[in-house]
Amino acid sequence: MSARLRVDFIACDGRGLCAEALPELIALDDWGFPLVSDRPVPSRLLPGARETVSACPLLALRLEHARDRDLRARIRDRRP
Ligand code: SF4
């Protein structure tokens, strides 16, 4: 199952710990906030991505799985 990295920019403090831990997938913008790809995390990098998500001190980083996206889309489509 594919997973993508997502950042909650309200929670993130932009100190860049995640980019240091997972430079293959996370870069920093000019202000130090993470830039993550919208592409699925390659399976060989999933263990590192999970570890990086767990290490985020503000719980601002998460892995979004395809089933979560599908569920969110279905809920959104039911709104009036
Ligand atoms: S580790 Fe978490 S709080 Fe720090 S920059 Fe990355 S997402 Fe933001």
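Helices, as named in these legends, are DSSP runs of H or I with at least four residues, and strands are runs of E with at least two, both numbered from the N terminus.

**Figure 1. Overall view of the predicted model.** The structure shown is a predicted model. Its secondary structure comprises 3 helices and 4 strands, arranged from the N terminus in the order β-α-β-β-α-β-α. The C-alpha trace extends over about 40 × 30 × 20 Å along its principal axes. Buried positions make up 14% of the 80 residues of the protein. Among contacts with a separation of 6 or more, 57% join residues 24 or more positions apart.

**Figure 2. Close-up of helix α2 at S54.** S54 belongs to helix α2, which covers residues 46–55. S54 counts as exposed because its C-beta neighbours inside 10 Å number 9, and the limit for an exposed residue is 12 or fewer. Between the C-alpha atoms of S54 and C18 the distance is 9.9 Å, although 36 residues separate the two along the chain.

**Figure 3. Close-up of the ligand surroundings.** Around the ligand there are 13 residues, of which C12, L17, C18, C56 and L61 come nearest. By residue class, this shell contains 9 nonpolar, 2 polar and 2 charged members. C56, one of the nearest residues, is situated in the loop between α2 and β4 (61–65). Setting aside residues up to four places away in sequence, C56 touches L17, C18 and L61; these three partners are likewise listed among the nearest to the ligand. C56 is classed as partly exposed because 19 other C-beta atoms lie within 10 Å, whereas burial requires 20 or more. In contrast to these contacts, the C-alpha atoms of C56 and R39 stand 20 Å apart, at a sequence separation of 17 residues.

**Figure 4. Close-up of the largest nonpolar core.** This core consists of 9 residues, namely A3, L5, C18, L22, L25, I26, V41, A49 and L61. Two of its members, C18 and L61, also come nearest to the ligand. For L22, contacts beyond its neighbours within four places in sequence are made with G48, A49 and T52. Of these partners, A49 is itself part of the core.

**Figure 5. Close-up of the loops on either side of α1.** R15 is placed in the loop between β1 (3–7) and α1. With 14 other C-beta atoms within 10 Å, R15 is partly exposed. Its C-alpha atom is 11 Å from that of D29, which is 14 residues away along the chain. P23 lies in the loop between α1 (17–21) and β2 (26–28). P23 is exposed, since 10 other C-beta atoms are found within 10 Å. From P23 to L5 the C-alpha distance is 13 Å, across 18 residues of sequence.

**Figure 6. Close-up of L59 and its backbone geometry.** L59 is located in the loop between α2 and β4. Most residues other than glycine have a negative phi. L59, which is not a glycine, has a positive phi of about 55 degrees. This residue is exposed, given 11 other C-beta atoms within 10 Å.

**Figure 7. Close-up of helix α3.** Helix α3 is formed by residues 66–78, 13 in number. From its first C-alpha to its last the helix reaches 19 Å, which is close to the 18 Å expected at 1.5 Å a residue. The number of buried residues in α3 is 0 of 13, and therefore this helix lies largely in the open.

Technical notes
Residues numbered from 1 in each chain as written. Predicted model: local features only at pLDDT ≥ 70, side-chain atom pairs only at ≥ 80, totals over all residues. Near = placed C-beta within 6 Å. Nonpolar A, V, L, I, M, F, W, Y, C, P; charged D, E, K, R; others polar. Core = buried A, V, L, I, M, F, W, Y, C linked by C-beta atoms within 7 Å. Contact = placed C-beta atoms within 7 Å. Expected span 1.5 Å × (residues − 1).
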